[in-house]
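Here are some exercises on strand pairing, each with a worked solution. Have the sequence and the model open beside you as you go.

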Amino acid sequence: LMLCKINGHQIDIIEEKQMPQIFSRIRGSSCGFMYENEIWFIVHLVSYESPRHYYHMIVKLNEDMSLKSFSAPFKFEGEAIEYSLSILVETDKVYITYSTWDRTTRIGIYDKKYIDTIVRFT
């Protein structure tokens, strides 16, 4: 994980943090969502086959940007092409917006207690 600072038209790396090996395959993510003292992200990995398959993970960082926990890769509906750009966390619910095959719009509403059980690796 590279922590950077924008300096004019340049991006300077200010710190690098070691992450589990699976993070070397992560290609993109949502903006971070601050919930209590955690920063939540939804990220994705790609399996390069025909068609490509997208898998997602939920990642939680501490305020100092150290890894707190993450989920195993998952799919929302089991479609090959699924893409997510946002996560919102409340006391009892987690909202994740996503699309399938770049032609649908979905909002997944999940019980936070359930999400807490799957976001368990460190």
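Two strands pair if DSSP finds at least two bridges between them. Strands (E, at least two residues) are DSSP runs, numbered from the N terminus. The model is predicted, so to speak of local features pLDDT of at least 70 is needed, while side-chain atom pairs count only at pLDDT 80 or more and totals for chains, interfaces and linings use all residues. Residues are numbered from 1 along each chain as its sequence is written, and side-chain values use heavy atoms, with hydrogens and water left out.

**Exercise 1.** Work out how β1 and β2 pair.

Step 1: Find β1 at residues 2-7 and β2 at residues 10-16.
Step 2: Six bridges link these two strands in the antiparallel sense.
Step 3: Check the register at C4, which faces I13 in β2.
Step 4: Look at the turn; two residues lie between β1 and β2 in this hairpin, and G8 there has a positive phi of about 70°.

**Exercise 2.** In which order do the three strands of the open sheet lie?

Step 1: Start with β8 and β9, which form seven bridges and pair in the antiparallel sense. V89 is opposite V94 in β9, and a hairpin of three residues connects β8 to β9.
Step 2: Move on to β9 (residues 93-100), joined to β10 by six bridges, again antiparallel. T97 has I107 in β10 as its bridge partner.
Step 3: Put the pairs together: the order is β8-β9-β10. The edges are β8 (82-89) and β10 (106-111), each pairing on one side only.

Methods. Helices (H or I, at least four residues) and strands (E, at least two) are DSSP runs, numbered from the N terminus.
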